[in-house]
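Please look over the sequence and the model shown here before reading on. The paragraphs after it lead from the whole chain to selected places within it.

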Amino acid sequence: MSHGAVIFFLVCSIIFLLLVVFYQRFAFRKGTQEKLDTISRKLSEIVENDSDEKVMVFTDNRALQELCGQINRVLVDRQRIKVEFRRQELSQRRMLANISHDIKTPLTVILGYLEIMRLEKKEDEALRKTEAKAVQVMELINRFFTLAKLEAGDIRIEVSKINLSELCRETILGFYELLLQRKLTVEVEIPEQDFYVWGEKESVDRILCNLLSNAIRYGSDGNYVGAFLREEGGFICVDIVDKGKGIEKECRESVFERLYTTEDSRNRGIQGNGLGLTIARNLARQMGGDLVLESEPGVKTVFTVKLKKFS
């Protein structure tokens, strides 16, 4: 073999080896990148779905194996923290329910004595005001007690078939005198056809009363209150509308939080304690429905109760 042929063969061999090395490095990097993308996607799914899954990637890359191990250890700690948080939250809610119950007993006795004293001294204005404030405190305690039991899962709402059309008419009729006194423009649209839903009558009535009270208080700015019954997919909806000052976009979810009482909060409109909307949404969700809000400040505010259609 000539000297030139040997050199050519060596050059070709070197080029071939370099190509093999570059290919292996490219394949290694590509495979590593694919595994990292898989890990990233899995982590995103776990976070978005709030699941307790672990990251599983089959690879012989020791660095990736170690990375997955560390990630899974973090996920295990996250799961433990979640469980502990839920346990403490449930314990706190039950403690609040117990405290509320314990406060009610002596307060009931106090109210009893105040009533006796008021009957004996009918003209005592200070006594009358004291009794009124004590009644207000009792109402607040009752709402705390109800909310705490709802959130702790100690209240089971037995749903059944109820006539939502009839219940809406009855509830709105109960506000007739108040609406007349406020001289508000009232618009009610309840179809002649009866709509039936899965729900519990007392709970639905409580939700509607809370929302109507809220709308009447804040609807005075716009001199309007509306109630509309309609069907939407598998739900029957009740829209309670007013044209008052409205709720800013950034506050729309906050009004459903416990004790949300900023200066402009609509939640204060329900008995002024920041619990009405929280209880109303909780009750709606316990019945398989929801309570949502849409508001355009200065134009209109709509609270919508959604309940599952009976079929």
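The text below describes the fold, then the spaces within it, and then a few individual residues.

The model is predicted. Its chain contains seven helices and seven strands. Read from the N terminus, these elements follow the order α-α-α-β-α-α-β-β-α-β-β-α-β-β. The chain has 311 residues, of which 36% count as buried. The area that the chain exposes is about 19,600 Å², and carbon and sulfur atoms supply 56% of this area. Among the contacts in the chain with a separation of 6 or more, 68% are made by residues 24 or more positions apart.

The next topic is empty space. Rolling a probe the size of a water molecule over the atoms shows where such space is left. How many cavities of 30 Å³ or more are there? The count comes to three. The largest cavity has a volume of about 60 Å³. Its lining is made up of C168, T171, I172, E189, I190, L208, L212, A227, F228, L229, V238 and I240. Two or more residues of this lining come from each of the helices α4 (164-174) and α6 (201-219), and likewise from each of the strands β4 (224-232) and β5 (235-242). By class, 10 residues of the lining of the largest cavity are nonpolar, one is polar and one is charged.

The second largest cavity holds about 40 Å³ of space. Around the second largest cavity stand I172, L179, V186, V188, L212, V225, G226 and A227. The elements that contribute two or more residues to this lining are β2 (185-189) and β4. Strand β4 provides the largest share, three residues. The lining of the second largest cavity comprises seven nonpolar residues, one polar residue and no charged residues. I172, L212 and A227 appear in the lining of the largest cavity and also in that of the second largest cavity.

Pockets, in contrast to cavities, are open sets. The largest pocket has a volume of about 190 Å³. It is lined by T146, L150, I155, R156, I157, E200, E202, S203, R206 and L283. Helices α3 (125-151) and α6 each supply at least two residues of this lining, and α6 gives the most, with three residues. Four residues of the lining of the largest pocket are nonpolar, two are polar and four are charged. Helix α6 thus has a place in two linings: it gives two or more residues to that of the largest cavity and three residues to that of the largest pocket.

One residue of the pocket lining, L283, leads to helix α7, where L283 is among the buried residues. Is α7 largely enclosed or largely open? Nine of the 11 residues of α7 are buried, so this helix is largely enclosed by the rest of the structure. The buried residues are G276, L277, T278, I279, A280, R281, N282, L283 and A284. Just after α7, G288 adopts a positive phi of about 85°.

Before α7 comes the loop that joins it to β5, and G244 is located in this loop. Is G244 buried or exposed? The relative accessibility of G244 is 4%, and because buried means under 20%, G244 counts as buried. Leaving out residues up to four places away in sequence, G244 touches Y218, G219, D221, G222 and G298. G244 and Y218 are 26 residues apart along the chain, yet their C-alpha atoms are separated by 5.4 Å.

The last residue considered is S295, which belongs to strand β6 (residues 290-296). S295 has a relative accessibility of 6% and therefore counts as buried. Which residues does S295 contact, leaving aside its neighbours within four places in sequence? They are G246, I247, R252, K300 and T301. Two of these partners can be described in finer detail. A polar atom of the side chain of S295 lies 2.9 Å from the backbone nitrogen of I247. The side chains of S295 and T301 are joined by a polar contact of 2.9 Å.

Note on methods: Residues numbered from 1 in each chain as written. Predicted model: local features only at pLDDT ≥ 70, side-chain atom pairs only at ≥ 80, totals over all residues. Heavy atoms only, no water. Helix = DSSP H or I, 4+ residues; strand = E, 2+ residues; numbered from the N terminus. Buried < 20%, exposed > 50% of the residue type's maximum accessible area, 1.4 Å probe, protein only. Contact = heavy atoms within 4.5 Å. Areas by Shrake-Rupley, 256 points an atom, 1.4 Å probe, with all protein chains shown as cover. Polar contact = N/O pair within 3.5 Å; in protein donor to acceptor, adjacent residues only side chain to side chain. 1 Å grid on protein atoms, 1.4 Å probe; cavity = no way out; pocket = protein on both sides within 12 Å on 5 of 7 lines; lining within 4 Å. Points joined across faces, edges and corners; volume = space filled by probe spheres on them. Nonpolar A, V, L, I, M, F, W, Y, C, P; charged D, E, K, R; others polar.
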